[in-house]
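Reader: I am new to reading structures. Could you take me through one part slowly, and then show me what surrounds it?

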Amino acid sequence: MTGTGADGRADARTSSDVPVVIDTGPPDAGPLDTGPLDTGPRDTGPLDTGPRDTGPLDTGPRDTGPVDTGPRDTGPVDTGPRDTGPPPCVGPQCPCAPTTPAGWCAIGAACMGGTCVVGPTAGSLVITEIMNDPDAVTDTLGEWFEVYNRSATPVDLRGMRVRGNGTETFEVTASGPLLVPGRGYAVLGKNGDMVINGGVTMLFAYGSAMDLSNSTSSPDSLTLLASDGSTVIDSVSYANTVASGWPVISGRSKSLRPAILDALMNDTSSAWCPGGPAFGRGDFGTPGAANVCQ
Ligand SMILES: [Ca+2]
Ligand SMILES: [Ca+2]
Ligand SMILES: [Ca+2]
């Protein structure tokens, strides 16, 4: 229905008109979003409520190796002592700083505690002294023999085999390295207790595994074998008769003449002399030191 006002003109407003609601809140102060319209699917995952990653940006190359799909290692952590038996050097040079010359080991040597070490090879060790007939103590306590390391590199005796006459044999075993110093000596004997063995410091004691014969009827022999059981490092066959040319004095070692430090030259009786001076309980020789003829 349209009314008529006092001026006689038709009223412009109708009874169905609704008042317009205007937004009277504060204006939106943010920048105008001018980016492209996001047309992707709506993210319906859980809200990330973790702490913000503040680490450095990884700018390294992408790992393109195979994915490790094996089970997680749940074994115990190895807290034991460090393995002291490193593999031998197989390259042209292997690092062994700081105490070795130039800091490198040669092929075949292993780096042990900063020192290059090799196993004995043919001719690398020389049998230099034999106490087959001690006098101050019994033979079962006082027999010993000495070896000399010709090289400047320490030699680890572990794994070396020693063979006497017949079936006599033993292997040098130890939980750690048994080193003969470069250009140095070591003694192996029946009993390692220097209080009862006549006063000898030994690197290794072999007990009753081998006897050094005093027999005048047949020679005895001493052979050092590498850990392969067949490579002869050195061998000496000695006799106990004056006629043989070998020194035969009870209580004195058979000593290789000090100018002869060779695994072939020590095969001859004339290369040997009676040892001295007196040591320990009164026998004669130089266990663990350069030889002296007396
Ligand atoms: Ca003996
Ligand atoms: Ca020899
Ligand atoms: Ca000696």
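Author: Here is a walk along one strand, its neighbours and the sites beside it. The model is predicted.

Start with strand β6. β6 covers residues 144-149. It belongs to an open sheet of six strands. The order across the sheet is β12-β11-β6-β5-β15-β16. The pairing is mixed. At the edges are β12 (204-205) and β16 (272-274), and each of these pairs on one side only.

Now take one neighbour of β6. In general, strands of a sheet pair through backbone hydrogen bonds, either parallel or antiparallel. β6 and β11 pair in the antiparallel sense. Five bridges join the two. β11 runs over residues 185-189. One bridge has names you can look up: Y148 has Y185 in β11 as its bridge partner.

Next come the rings. A pair of aromatic rings is described by the distance of the centres and the angle of the planes. The count for this structure is seven aromatic pairs. Take W144 and F279 to begin with. Their ring centres are 6.0 Å apart and their planes stand at 75°, so the pair is edge-to-face. It ties together distant parts of the chain: W144 is in β6, F279 is in β17 (residues 278-279), and 135 residues separate them. Both W144 and F279 are buried.

Which kind of ring pair do Y148 and Y185 make? The centres of the two rings lie 4.9 Å apart and the planes meet at 50°, so the pair is tilted. Y148 sits in β6 and Y185 in β11, 37 residues apart along the chain. These two residues are also the bridge partners from before. Are they buried or exposed? Buried means under 20% relative accessible area. Y148 has 9%, so it is buried. Y185 has 18%, so it is buried too.

β6 residues are not the end of the ring story. Ring pairs also link F145, F170, F204 and Y206 into a cluster. Elsewhere, a charge meets a ring. The charged end of R252 sits over the ring of F284, 4.1 Å from its centre.

Stay with β6 and turn to a metal. Which residues coordinate the calcium ion (ligand 3)? They are E129, E146, T286, A289 and N291. The distances run from 2.2 to 2.5 Å. E146 gives OE twice. T286 gives both O and OG1. A289 supplies O, and N291 supplies OD1. Along the chain the donors follow the spacing E-x16-E-x139-T-x2-A-x1-N. Look at E146 and N291 in particular. E146 is in β6, while N291 is in the segment after β18 (283-284), and their positions lie 145 residues apart in the numbering. Both E146 and N291 are buried.

Compare the calcium ion (ligand 1). Its protein donors are N132 (O), D139 (OD), E143 (OE), L212 (O) and N214 (OD1). They lie 2.2 to 2.6 Å from the ion. In sequence these donors are spaced N-x6-D-x3-E-x68-L-x1-N. N132 has a relative accessible area of 2%, so it counts as buried.

Now go to the edge strand β16. Where does the chain carry a disulfide? It joins C273 to C293, with S to S at 1.9 Å. A search of the whole structure finds one disulfide. The angle about the S-S bond is -85°, and the link is left-handed. C273 is in strand β16 and C293 is in the segment after β18, 20 residues apart. The two ends differ in exposure. C273 is buried, at 2% relative accessible area. C293 is partly exposed, at 31%.

Two loops deserve a last look. Which peptide bond is cis? The bond from G276 to P277 is, with omega near -5°. P277 lies in the loop between β16 and β17. The other loop runs between β10 (179-180) and β11, and R183 is in it. R183 has a positive phi of about 55°, although it is not a glycine. Its relative accessibility is 51%, so R183 counts as exposed.

Conventions: Residues numbered from 1 in each chain as written. Chains lettered and ligands numbered in written order. Predicted model: local features only at pLDDT ≥ 70, side-chain atom pairs only at ≥ 80, totals over all residues. Heavy atoms only, no water. Donors = N, O, S within 2.8 Å, 3.2 Å for Na, K, Ca; no water. Helix = DSSP H or I, 4+ residues; strand = E, 2+ residues; numbered from the N terminus. Buried < 20%, exposed > 50% of the residue type's maximum accessible area, 1.4 Å probe, protein only. Pairing = 2+ DSSP bridges. Phe/Tyr/Trp six-rings, centres within 6.5 Å; stacked < 30°, edge-to-face > 60°. Lys NZ or Arg CZ within 6 Å of the ring centre and 35° of its normal. Disulfide = S-S within 2.5 Å.
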